[in-house]
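Visitor: I should like to understand how statements about a structure are justified. May we look at one together?

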Amino acid sequence: MNLASLFNKNRVVYSFEVFPPKKTSPIETIYNTLDELEGLKPDFISVTYGAGGRTSDTATCDIAAAIKNRYHIEPLAHLTCVNDTKQEIEQILSRLKENGIENILALRGDKNPDIAPRKEFKHSADLVAFIKEFGGFGISGACYPEGHPDAQSLEEDINNLKIKVDAGVDHLITQLFFDNNLFYSFMDKVRAKGIAVPVEAGIMPVTNKAQIERMVTLCGASLPSKFTKMMQRFEHSPAALQDAGIAYAVDQIVDLISRGVDGIHLYTMNKPYVARKITESISGLINA
Ligand code: FAD
């Protein structure tokens, strides 16, 4: 099933992201997380690629296959290309196909300053075109409400996003953001550019201070004062910060759904408790 077929105006698509366990942990640890996420009935679950140093291995494919065959939920397998050859990508696509995976989030991946990127895939649009030619997959892509850090401006980034979508992307998922107004302004620009595919808002519930500092350094998301005040007030009380982070995410989601967002993609950080609390608070809104 192509994930784009899930989107219609009558309901909001609700999905999760998980990541493979670190190389030092057995792959089976992810099943405890998935056992709990299954009951929350997401429309699909995406699985990251390359997290924790696991690149070019089969963890993403194996977990995506389990999501499909063991949990009977549609998987979305992430795939990066900047460090791979066409032959390597072809092997991964064949393996995904053999395992019944039908949707891929096509990404460039972050450039590693210590490794010269391979030349065969420069941008994610090159991977999108390659997957399209390979055939048999629905293709999703990433987008950035505040612009990708490599881009000179948001406008330039949206021009490049149009190239990517025109290459064959059916559905977009945003980078995390904490200020909904940035998302709304981004969406106005995206639609004005003629990008018509569904866009899911990526929401990351913040549950500890170190995590948010790492994320913000990586992706450069801006922090509204309401958010920084919350962090300052509760930084020394992990339980209170977790409650506040969940409440903040719920508040963002209520506002997004009220304003007609196509979908919500929850970065679960493999924390089913947090995903459950949020889902319990918003499940009535998803189907309203
Ligand atoms: P691109 O779409 O190629 O864009 C990257 C930069 O190149 C942008 O500045 C863009 O404007 C520019 N650009 C794009 N096309 C062109 C063009 N034709 N000409 C000139 N410039 C161009 N990383 C992982 O390693 N594993 C994951 O599983 C993963 N999952 C992610 C999921 C989501 C929802 C998001 C938002 C990001 C994820 N990332 C992941 C991070 C992602 O790999 C990085 O943000 C990476 O730096 C860019 O990937 P991209 O696919 O957006 O790149």
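Guide: The following conversation sets values against the definitions behind them. Please bear in mind that this is a predicted model.

Visitor: How do you know that the chain agrees with a compact globule?

Guide: A compact globule of 288 residues would have a radius of gyration near 19 Å, and the chain has 18 Å, so the two agree. The C-alpha atoms fill a box of roughly 50 × 45 × 45 Å along the principal axes. Within the chain there are 10 helices and 8 strands.

Visitor: What makes the pair formed by D157 and the ligand a polar contact?

Guide: A polar contact requires two N or O atoms within 3.5 Å. A side-chain N or O atom of D157 lies 2.5 Å from an oxygen atom of the ligand. The pair therefore meets the definition.

Visitor: Why do H123 and A151 count as well?

Guide: For H123, a polar side-chain atom is 3.4 Å from a nitrogen atom of the ligand. For A151, a backbone N or O atom is 3.4 Å from an oxygen atom of the ligand. Because the cut-off is 3.5 Å, both pairs qualify.

Visitor: How much of the ligand does the protein bury?

Guide: The ligand taken alone exposes 970 Å², and the protein buries 84% of that area.

Visitor: Which residues and elements surround the ligand?

Guide: The shell has 22 residues, the closest being Y49, D110, S124, Y144 and D157. At least two residues each come from β3 (74–80), β4 (103–107) and α5 (154–168). The largest share, 3 residues, belongs to α5. By class, the shell holds 8 nonpolar, 9 polar and 5 charged residues.

Visitor: What makes a residue part of the lining of the second largest pocket?

Guide: A lining residue has an atom within 4 Å of a grid point of the pocket. By this rule, 15 residues line the second largest pocket, with N8, K9, R11, V261 and D262 nearest its centre. The lining comprises 8 nonpolar, 3 polar and 4 charged residues, and the pocket holds about 230 Å³ of space.

Methods
Residues numbered from 1 in each chain as written. Predicted model: local features only at pLDDT ≥ 70, side-chain atom pairs only at ≥ 80, totals over all residues. Heavy atoms only, no water. Near = heavy atom within 4 Å. Polar contact = N/O pair within 3.5 Å; in protein donor to acceptor, adjacent residues only side chain to side chain. Areas by Shrake-Rupley, 256 points an atom, 1.4 Å probe, with all protein chains shown as cover. Helix = DSSP H or I, 4+ residues; strand = E, 2+ residues; numbered from the N terminus. Nonpolar A, V, L, I, M, F, W, Y, C, P; charged D, E, K, R; others polar. 1 Å grid on protein atoms, 1.4 Å probe; cavity = no way out; pocket = protein on both sides within 12 Å on 5 of 7 lines; lining within 4 Å. Points joined across faces, edges and corners; volume = space filled by probe spheres on them. Rg over C-alpha atoms; globule rule 2.2 N^0.38 Å.
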